[in-house]
Amino acid sequence: MTRYSSCLAFLFFVNVVVAAERPNVLFIAVDDLRPQMNCYGKDFMRTPNLDALASRGVLFERAYCMVPTCGASRAALMTSVRPANNRFTTHLTWAEKDAAGKIPLNRHFKNNGYTTISLGKVFHHPTDCTDGWTKPAWRSPKPGYQDDEARKLAIEQNKATWPEKNSFNAAPFESFEGPEENYPDVDCAREAIRYLEEFSNQPDQPFFLAVGFLKPHLPFNAPKKYWDLYDFDSIPMPDNYFHPEGAPVGAVHNSGELRAYAGIHPRDPVDERTARKLIHGYYACVSFTDAQIGKLLSALDQLNLRDNTIVVLWGDHGWQLGEHQMWNKHSCFETSMHAPLMIVPPADSAIRPGSRVSSLAEFIDIYPTLCEMTGLDVPEHVEGTSLVPVMLDPRLPGKQFAIGRFGAGDTIRTDRFRFSEYRQQGNVSGNMLYDHVMDDAENVNVAPQHAVTVEELAHLLRSNMGKPNPKNNQ
Ligand SMILES: [Ca+2]
């Protein structure tokens, strides 16, 4: 053996040994899940598995997405690059285009010896950053609606009633009495367990298994038994089913995503009965997804993978369930930006199970956090900071601000305030300030009364927000 080849053999050996000791990662994304769980203080929610997950690890009480829409949020999280007005802007964002040359999280793990698998919705596009996966990303072929006749009829009725709509979806909810295996998310959990079984037979090979559930994204389609966990008659309307006072033009949207669905008027406020039905459907879908996550956690236990597997759970952004008479995401309000984040460490960690971190966290922080927890280097381009210090000691002050954006708005959250600034043709066209000590529902814009705070926060926002992508300037 030459000195060169023995050196290579040694390096290979070191790599294998280190890789074998590295913890696995089960990376769970839940589409459009806001912190609507029992463990986030919503004590009427039936989310036993998510609550159990929180008790196994660390719950971030104030984690924020970077952009409240699917593709853009996921691209920022998966690359740890801040969004800008020409980077990560829509639900159709491609991470590999808007962050070309940056190593995405999946590829970083693959490059470091992990088997990386994508099941369900992880990136918005299944073929985004595809060379970061060991196998092509997999999605269930099962249909989202179980009653296909009802689906077709609803679309026709939608077209006939409101031909002025731009697109025509079926009903925004479905309660199904048949077998739950017919839904794509159940199929996705089944596939994930199949992989976990495979991985449990290869204990020396670390894995990064990404599993992206589709619910509670619209339409709120779930088996009837999950709807039955909640009583329609006791579902309340939001306390603030009205527009916020003094919000600038463009801050409040018209819930366009919802309005494509059958039975939803193209412009008028959603009537109270439909609003409560939507809220009921969202709750049902949260519990439905909770049950799928429970299957994954049980499989981890049964396959003896629990002790050496990090579990990360994130919803890709918040959701307005009628607050400010808005539905969907797509705003700079707290309801759109605030999202669930939980991280469960391996068994030998010094991180205390059941910890809650109340300091601010940004979704770009997930990437370097996972690097630190698995002993991987942090690539130079990464803009987030590891959350491990606050996970070890939740009393630490943590991040001083969380910055995000949507459309023409840039927004910053500090411990006390949320401040957002809107631009047209590069000039500031409006702003809004909410004092969370006085008004945590963000009902009254107090920017006009707090000029000094506005100036300070505008400066903090502008000096720390994402840099535009020079390649996207036309
Ligand atoms: Ca989403």
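**Close-up 1. Strand S1 and its partners S7 and S5 in the predicted model.** Ile-28 stands opposite Leu-313 of S7 in this predicted model. The two strands, S1 (residues 24-30) and S7 (residues 309-315), are paired in the parallel sense over 7 bridges. S1 also pairs with S5, again in the parallel sense, and here 6 bridges are found; Leu-26 is placed opposite Leu-209 of S5. Of the 7 residues of S1, 7 are buried. Both faces of the strand are covered: Asn-24, Leu-26, Ile-28 and Val-30 lie on one side, with Val-25, Phe-27 and Ala-29 on the other.

**Close-up 2. The open sheet of 7 strands.** The strand order is S3-S5-S1-S7-S10-S2-S11, and the pairing is mixed. The edge positions are held by S3 and S11 (355-362), each of which has a single partner strand, so one side of each lacks a neighbour in the sheet. From one strand to the next, the twist averages 15°. S7 and S10 (residues 338-344) run antiparallel and are joined by 4 bridges. In S10, Leu-341 stands opposite Trp-314. Helix H12 (residues 366-374) lies across S1, S7 and S10, and its direction is at about 170° to S7.

**Close-up 3. Helix H7 against strands S3 and S5.** H7 lies across both strands and runs at about 170° to S5. The helix comprises 17 residues (184-200); at 1.5 Å a residue these should span 24 Å, and the end C-alpha atoms are indeed 24 Å apart, so the expected and modelled spans agree. Its buried residues are Asp-185, Val-186, Asp-187, Cys-188, Ala-189, Ala-192, Leu-196 and Phe-199. These buried residues pack against S3 (115-120), S5 (207-213) and helix H10. An α-helix has 3.6 residues a turn, so residues three or four places apart point the same way. Among the buried positions of H7 are Ala-192, Leu-196 and Phe-199.

**Close-up 4. The contact between helices H2 and H10.** Two packed helices are described by the angle between their axes and the distance between the axes. The axes of H2 (residues 48-56) and H10 (residues 272-302) come within 7 Å and cross at roughly 50°. H2 is therefore oblique to H10. On the H2 side, the contact involves Pro-48, Asn-49, Leu-50, Ala-52 and Leu-53, which meet Asp-290, Ala-291, Ile-293, Gly-294 and Leu-297 of H10. Classified by residue type, the contact of H2 with H10 contains 7 nonpolar, 2 polar and 1 charged residues.

**Close-up 5. The open sheet of 4 strands and helix H14.** The strands follow the order S12-S13-S14-S15, with antiparallel pairing. S12 (402-406) and S15 (427-435) stand at the edges; each has a single partner strand, so one side of each is left without a neighbour in the sheet. Direction ignored, neighbouring strands are turned by 15° against each other on average. Between S14 (residues 417-424) and S15, the antiparallel pairing extends over 8 bridges, and Glu-421 has Asn-431 of S15 as its bridge partner. Helix H14 (residues 451-464) packs on this sheet and touches S12, S13 (409-413), S14 and S15, with its direction at about 70° to that of S14.

Note on methods. Residues numbered from 1 in each chain as written. Predicted model: local features only at pLDDT ≥ 70, side-chain atom pairs only at ≥ 80, totals over all residues. Axes fitted to C-alpha atoms, helices over the stretch in contact; angles between N-to-C directions. Parallel < 35°, antiparallel > 145°, perpendicular 65-115°, else oblique. Contact = placed C-beta atoms within 7 Å. Nonpolar A, V, L, I, M, F, W, Y, C, P; charged D, E, K, R; others polar. Expected span 1.5 Å × (residues − 1). Buried ≥ 20, exposed ≤ 12 C-beta atoms within 10 Å, placed from the backbone. Pairing = 2+ DSSP bridges.
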